[in-house]
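Visitor: I have not looked at this structure before, and I would like to be led through it step by step. Could you show it to me and then take my questions?

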Amino acid sequence: MTRIVIIGGGPGGYESALVAAQLGAQVTMVEQDGPGGACVLTDCVPSKTLIATSVRKQALLDAPSLGISFDGGSDGDTGAVDIDLPLVNKRVKELAQAQSADIATRVEAEGVEIIKARGRLVDPQVVRAGDRTLRADVVLVATGATPRVLPGAEPDGERILNWRQLYDLEELPEHLIVIGSGVTGAEFAGAYRSLGAEVTLVSSRDRMMPNEDADGAEVLEEVYRRRGMNVMGRSRAASVKRTADGVVVTLEDGRTAEGSHALMTVGMIPNTSGMGLEEAGVQLDRSGFIKVDKVSRTSAPGVYAAGDCTGVLMLASVAAMQGRIAVWHALGEAVQPLRLATVASNIFTDPEIAAVGVAQRAIEAGEIEANVVKLPLATNARAKMQGFNDGFVKLFCRPHTGIVLGGVVVAPRASELILAVSVAVQQRLTVDQLAHTFAVYPSLSGSVTEAARRLMQPGLSI
């Protein structure tokens with residue numbers, strides 16, 4: 001029986017543990033915080049739970065435009081609905097713990113041993129977990145990553161915070177300054193603005209989320225400004241200091257911004273130091289991320305890696321797939337290498353921004369030839385009924401064959417709507433095939449098939 005030791009219990013760890021156990025391996029998972037890891041306990045699950053609350057509140061604030069009124073409320077008045085932040089945070093933490101417990105139950109039911117300890121490599125076939133020494137035929141490292149600390153802006157857990165410390169706040173920040181306008185910064189900035197906090201978003205680039213679809217980022221920034229958020233572009237933070245009753249953020253150009261709290265969202269660093277990786281022959285890059293190939297192998301024989309510690313698209317879905325691929329490969333199963341071109345992603349803002357496949361910037365740069373169509377969500381009948389005015393559906397296909405190359409959806413629940421485009425990309429469907437697929441009327445998903453009809457290739461059959 002193959003012995004597999006997994007260091008880390010996040011998506012890359014527990015999903016691979018399930019696959020390995022189902023394939024008959026003897027599996028031990030070493031996780032110091034709890035099943036689900038940081039993804040479930042402090043990062044993805046808690047943040048999306050908080051965001052779900054903020055979306056509900058924003059819906060109430062927008063309700064007057066649909067003819068619904070309530071005492072003390074008016075359209076755009078963020079003080080119209082009270083927020084019990086301790087109760088919100090209590091729910092966030094309890095839900096995270098419940099999800100972790102569900103994962104533990106599932107994993108243990110498959111016969112996986114869970115050791116609560118910090119794991120480290122002694123050599124490629126030996127793992128030290130607390131006071132135990134584990135011998136393995138295969139080792140999978142899935143230790144995740146930690147919020148990066150900006151020198152001069154070290155979190156103190158009270159006024160200067162990273163996102164893992166937000167859920168201990170007793171009161172809603174009066175004025176939250178978010179440093180970093182990537183995906184994490186954009187998500188939390190939008191959530192706290194909808195919850196009722198004054199928010200300033202500090203972006204070092206021309207626009208927020210510079211690495212995401214430009215059209216989607218433009219829509220979101222417009223929505224944020226309309227809701228009263230102060231978005232500061234081309235504003236790199238040099239330092240964050242506490243004052244008597246808040247914080248002051250000093251920008252590199254000498255300007256300052258004052259608020260009650262600062263949230264640092266300036267990236268992640270891999271949890272790879274002090275683990276004996278390099279001593280065991282595992283190569284790291286300059287930033288400390290583990291180097292892996294398309295089937296998750298490291299440079300050390302029998303050692304694989306998955307998830308954020310590899311720096312390969314920091315998404316829970318990618319971590320899980322990397323872990324599954326590693327196990328399939330290690331146990332001799334048929335396996336396809338990781339295809340990043342088929343990865344679907346979502347930004348849990350309001351509206352959400354989901355994407356899959358090629359990016360428009362690659363098309364504009366001439367790297368990929370593609371036909372493009374973009375349909376405003378405001379023309380969709382269901383969107384009109386529900387009062388959704390912001391967003392669009394964008395679809396890309398090859399000019400001659402009509403094969404779907406990718407797409408972007410900016411809409412409420414875009415994370416659900418992108419699935420149709422994701423299936424088309426994964427299965428190499430054509431826009432003609434997508435266009436001939438029934439969509440419910442009226443529905444937001446109808447814009448996906450409508451976009452496909454706009455791209456149909458004359459003379460081609462399905």
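What follows is a conversation about sheets, loops, cysteines and a few single residues.

Guide: Before we start, please keep in mind that this is a predicted model, in which local features need pLDDT of at least 70 and side-chain atom pairs count only at pLDDT 80 or more, while totals for chains, interfaces and linings use all residues. Residues are numbered from 1 along each chain as its sequence is written, and side-chain values use heavy atoms, with hydrogens and water left out.

Visitor: In what order do the strands of the 5-strand open sheet lie?

Guide: Strands here are DSSP runs of E with at least two residues, helices are runs of H or I with at least four, and both are numbered from the N terminus; two strands pair if DSSP finds at least two bridges between them. In this sheet the pairing is parallel, and strand 3 (113–115) and strand 18 are the edge strands, each pairing on one side only. The twist from one strand to the next averages 20 degrees, taken between lines fitted to C-alpha atoms, with angles that run from 0 to 180 degrees between N-to-C directions. The order of the strands is 3-2-1-7-18.

Visitor: Which residue of strand 7 stands opposite Ile6?

Guide: Strand 1 (residues 3–7) and strand 7 (residues 138–141) run parallel and are joined by 4 bridges. Opposite Ile6, in strand 7, stands Leu140.

Visitor: Why is one side of strand 4 and of strand 6 left without a neighbour in the sheet?

Guide: These strands belong to an open sheet of 3 strands in the order 4-5-6, with antiparallel pairing. Strand 4 (119–123) and strand 6 (132–135) stand at its edges, so one side of each has no neighbour in the sheet, because each has a single partner strand.

Visitor: Which residue in the turn between strand 5 and strand 6 has a positive phi?

Guide: Strand 5 (residues 126–129) pairs with strand 6 in the antiparallel sense over 4 bridges, and Val126 has Arg135 of strand 6 as its bridge partner. The two strands form a hairpin with 2 residues between them, and the residue in the turn with a positive phi, about 65 degrees, is Gly130.

Visitor: What is the omega of the cis peptide bond from Asp350 to Pro351?

Guide: Pro351 is placed in the loop between strand 19 and strand 20, two strands that a hairpin joins through 4 residues. Strand 19 (residues 344–347) and strand 20 (residues 352–357) run antiparallel with 4 bridges between them, and Ser345 stands opposite Ala355. The omega of this cis bond is near 10 degrees.

Visitor: How far is the sulfur of Cys39 from the nearest cysteine sulfur?

Guide: A disulfide is a pair of cysteine sulfur atoms within 2.5 Å, and by this rule the count comes to 0. Cys39 is buried, with a relative accessible area of 18%, whereas Cys44 is partly exposed at 30%; buried means under 20%, exposed over 50% and partly exposed in between, for a 1.4 Å probe and protein chains only. The nearest cysteine sulfur to that of Cys39 belongs to Cys44, and the distance is 4.5 Å.

Visitor: Is Thr272 buried or exposed?

Guide: Thr272 lies in the loop between strand 17 (268–270) and strand 18 (303–305). A polar atom of its side chain lies 2.6 Å from the backbone oxygen of Gly288. The relative accessible area of Thr272 is 7%, which means that this residue is buried.

Visitor: The charged end of Lys374 sits over the ring of which residue?

Guide: A charge sits over a ring if NZ of Lys or CZ of Arg is within 6 Å of the ring centre and within 35 degrees of the ring normal. The charged end of Lys374 is 5.0 Å from the centre of the ring in question, which is that of Phe392.

Visitor: What is the phi of Arg428?

Guide: Arg428 is placed in the loop between helix 10 (414–426) and helix 11, and this residue is exposed, with a relative accessible area of 52%. Its phi is a positive value in a residue other than glycine, near 55 degrees.

Technical notes
A polar contact is a pair of N or O atoms within 3.5 Å; within protein, one must be able to donate a hydrogen and the other to accept it, and residues adjacent in sequence count only if both atoms are side-chain atoms.
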